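Reader: Hi! Could you walk me through this one?
Author: Happy to, have a look here.

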Amino acid sequence: MSVTIYDVAREANVSMATVSRVVNGNPNVKPSTRKKVLETIERLGYRPNAVARGLASKKTTTVGAIIPDISSIFYSELTRGIEDIATMYKYNIILSNSDQNKEKELRLIETMLEKQVDGIIFMGGEITEEHVQQFKNANVPVVLAATQDASNELPSINIDYQRAAYEATKMLIESTNEQPALVTGNEFIQSNGLKYKGYVEAIEEASLEFDESLVIEEECTYNGGLLAVEALLEKGVKPKAIFVTTDEMAVGVIHGLQDKGIRVPEDVQVFGFNNTRISLMVRPTLTTVVQPMYDIGAVAMRLLTKYMNKEEVDEHTVILPHRILKRNSTK
C-alpha cells in the first residue's frame with residue numbers, strides 16, 4: 001500500500017496539518033520539526049498526492065499541451081519553449097499527440113479537462129466551431145500556439161503568415177521574373193490559407209498572370225515534398241523557383257528535384273518556411289522564413305500563466321516578428 005500523509009504524521013509524532021505545511025513549504029514550522037518530518041518522509045518514501053492537493057486547492061499546477069505531431073521538428077522546438085516557461089513558473093506539462101485528427105483533438109481536450117488541468121495550450125490545424133465551443137465551455141483558459149481561429153476569438157501566438165509568404169514569393173519573383181510554384185499543405189489549416197493569400201498577393205502585385213497549375217497541395221511531410229515534385233513534372237510545368245510552406249516539405253522538394261537530375265538552385269530555387277533544424281541539414285542549405293518556434297511556445301505559456309493567475313493581460317492576440325534567412329537553395 002502507498003504511504004499516506006497520516007502515516008508520516010504518526011511516525012513523526014506531529015499533526016497532518018504540520019506535515020502538509022512542510023510539504024507545501026510553509027515557513028511557519030520550527031526548523032527541528034521540519035527536519036524531523038522531512039527525514040520521516042524520506043525514510044517512508046512518501047510522495048504527496050498531487051490530485052488530492054489539487055482538489056483541495058482547486059489547482060493542480062498542471063497544463064495540458066495538445067500538438068499535432070510529437071515527431072515533428074517544428075512542434076518539438078515549440079514544445080521546448082512551453083516546457084521551459086512552465087518549469088520556470090512551476091507547472092507540469094501533460095503532452096498529447098492529436099495526429100491533426102479533429103475527433104481525436106476534441107477527445108483530448110475533454111481528457112485534459114477530466115484530469116483537472118489548470119489551462120490548455122493547443123496547437124493544431126483547422127479550428128472549427130466545435131473547437132471554439134468546447135474551449136468556451138472548458139472553465140479553464142486556453143491559448144493557441146502557432147494556430148489561429150478564423151474569428152480571432154481565442155488568445156493566440158503567431159507570426160504574420162500572409163506577410164511572410166508575400167515577402168518570400170516577392171523575393172523569388174524578383175530573382176526569376178516569373179511566378180514561382182507553390183507547394184503547400186492542407187488548405188483548411190488557417191496558416192496555410194494565409195500563406196496562400198500572401199503568395200497570390202505578391203503575384204498580383206508583380207502583374208503576373210496567375211497559373212493555378214503551379215499550386216500543388218500535399219501532406220505536410222518530407223514525402224509530401226517528393227510527391228509534389230512528381231505532380232509538377234507530370235503537369236509538364238518547369239518553374240524556376242518553388243515556395244514551400246514548411247521546411248520539411250521543402251527538403252523533400254529539393255531531394256525530389258535532385259533525384260530527377262534537376263539542380264538546386266541553378267535550375268530551380270527552393271524557399272522553405274519555419275527555419276527548423278532540418279533547413280541546415282540539407283544540401284544546399286535551405287533559404288527560409290524564420291518563424292521563432294521556441295519563442296511562440298514560450299510566449300504562449302507565459303500568456304497562459306497570466307490567465308491562470310488572473311493577471312492583467314494587455315494583448316490577447318500576439319504577433320511575433322519573422323524574417324527571411326537566405327542560404328544556398330536560392331540565388
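**Contacts and cores**

Reader: Which residues is L78 in contact with, leaving aside neighbours within four places in sequence?
Author: L78 is in contact with M123, A145, A146, M293, I296 and G297, where contact means heavy atoms within 4.5 Å. Keep in mind that this is a predicted model, where local features need pLDDT of at least 70, side-chain atom pairs count only at pLDDT 80 or more, and totals for chains, interfaces and linings use all residues. Residues are numbered from 1 along each chain as its sequence is written, and side-chain values use heavy atoms, leaving out hydrogens and water.

Reader: Cool. How many residues has the largest nonpolar core?
Author: The largest nonpolar core has 71 residues, and L78 is one of those with the most contacts inside it. A nonpolar core is a set of buried Ala, Val, Leu, Ile, Met, Phe, Trp, Tyr and Cys residues joined through side-chain atoms within 4.5 Å; buried means under 20% relative accessible area, exposed over 50%, partly exposed in between (1.4 Å probe, protein chains only).

Reader: Which helix gives the most to this core?
Author: Helix α12 (residues 293-308), with nine residues. Helices are DSSP runs of H or I, at least four residues, numbered from the N terminus.

Reader: New topic: where is A17 found?
Author: A17 sits in helix α2, residues 16-23. Its relative accessibility is 41%, so A17 counts as partly exposed.

Reader: And how far apart are the C-alpha atoms of A17 and I5?
Author: They are separated by 9.3 Å, with the two residues twelve apart along the chain.

Definitions and conventions
Helix = DSSP H or I, 4+ residues; strand = E, 2+ residues; numbered from the N terminus.
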